[in-house]
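Here are a few friendly notes to read alongside the model. They take the ligand site before the pocket and the cavities.

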Amino acid sequence: MPALGLGSWKMGERASARSHEMAALRLGVELGMTLIDTAEMYGDGAAESLIGDALADVRDELFIVSKAYPQNASRGRLTRACEASMGRLRTDRIDLYLMHWRGSVPLAETVEEMEALKAAGKIRHWGVSNLDTEDMIELIEAGGGECAADQILYNLSRRGPEHELLPWLAARSIPVMAYSPVEQGRLLTHPALVTVADRIGATPAQVAIAWAMRREGVIAIPKAGSAEHVRENRAAADLTLSTGDFAALDAAFPSPRRRIPLEML
Ligand code: NAP
């Protein structure tokens, strides 16, 4: 998987933003951000449709990640949900298909259905989102050893996963997809982040994204609706933070000393 992708939550929902959003996605792909993250939930399929319309002709260059509602992660329903997503995305396969969060469907049933989709060639890999360590342990015990990713809320202001979940996933070589790497924009005016960014001639968004991607096996998926933000975020992949930068960020955003439950947006 590419280490930096493009998020799509809130895209495809406003007709007036459509041409900018399509151009932003295309530019991101041209710049090498070929991992596209979406979900059936986003705009009730509108984000998937926008991606299909914007990128169908370059489909083979993409790594498409989509997600099913937990209530659809069941026998019978998952295949229908997956096929509907594929239709909107204008593709014959999804590269990574995730259960969006845990619901009431038994994990063993979801695993079975995901494996069936894989065997049928409709998806290449499957994974989960918003699962904390205990849920991951249960998933593996339910036969989910092929789980290919856990997509979680992780950024400078949400460092809880560092205590237990990130080491647990790393020990099993399960990639992490860090969502909301700039905390939906709320991080960008934080004085410590602005200070580090100014010192190294970068932007706060670039520092936050580079920070989220600093660990091996962690992929960041910022959402950007404009060409300017896409270019800026793409350059974050080439930014190297120094020990001093990390120390300044640690002082302002300390890693928790004890385990805190996984948060979600
Ligand atoms: P995010 O990527 O942290 O932030 C997106 C917001 O930041 C947008 O308002 C965007 O504005 C702004 N932004 C992006 N780049 C910027 C830049 N360089 N300078 C200034 N502002 C910038 O938040 P997110 O959309 O919640 O998370 C990213 C993706 O993760 C989502 O789109 C979605 O694909 C995924 N996600 C998954 C889950 C889950 O439960 N699995 C939950 C949340 C998100 P513009 O649009 O104007 O560029």
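1. How far is an oxygen atom of the ligand from an N or O atom in the side chain of histidine 100? The distance is 3.3 Å, which falls under polar contacts (pairs of N or O atoms within 3.5 Å; within protein, one must be able to donate a hydrogen and the other to accept it, and residues adjacent in sequence count only if both atoms are side-chain atoms). Please keep in mind that this is a predicted model, where local features need pLDDT of at least 70, side-chain atom pairs count only at pLDDT 80 or more, and totals for chains, interfaces and linings use all residues. Residues are numbered from 1 along each chain as its sequence is written, and side-chain values use heavy atoms, with hydrogens and water left out.

2. Two further residues make polar contacts with ligand oxygen atoms. Glutamine 184 places a side-chain N or O atom 2.8 Å from an oxygen atom of the ligand, while glutamate 183 has a backbone N or O atom 3.3 Å from one. On its own the ligand has 900 Å² of accessible area (Shrake-Rupley method, 1.4 Å probe), of which the protein covers 87%.

3. Around the ligand there are 28 residues (each with a heavy atom within 4 Å of it). Asp37, Ser129, Lys223, Gly225 and His229 come nearest. By class, this shell has 10 nonpolar, 13 polar and 5 charged residues (Ala, Val, Leu, Ile, Met, Phe, Trp, Tyr, Cys and Pro count as nonpolar, Asp, Glu, Lys and Arg as charged, and the others, Gly among them, as polar). Helix 9, residues 227-236, gives the most to the shell, with 3 residues (helices are DSSP runs of H or I, at least four residues, numbered from the N terminus).

4. The ligand sits in the largest pocket (more than half of its atoms lie within 2 Å of the grid points). A pocket is an open set of points on a 1 Å grid over the protein atoms alone, with protein on both sides within 12 Å along at least five of seven lines; lining residues have an atom within 4 Å of a point. The volume of this pocket is about 610 Å³ (the space filled by probe spheres set on the points, which are joined across faces, edges and corners). Its lining has 31 residues, with Trp9, Ser180, Gln184, Pro222 and Lys223 closest to the centre. Helix 9 gives the most to this lining too, again with 3 residues.

5. The structure also holds 2 cavities of 30 Å³ or more, a cavity being a set of points where a 1.4 Å probe fits but cannot get out. The largest has a volume of about 40 Å³, and its lining residues include Asp132, His163 and Arg259.

6. The second largest cavity has a volume of about 30 Å³. Helix 2 (residues 46-55) gives the most to its lining, with 3 residues.

Note on methods. Helix = DSSP H or I, 4+ residues; strand = E, 2+ residues; numbered from the N terminus.
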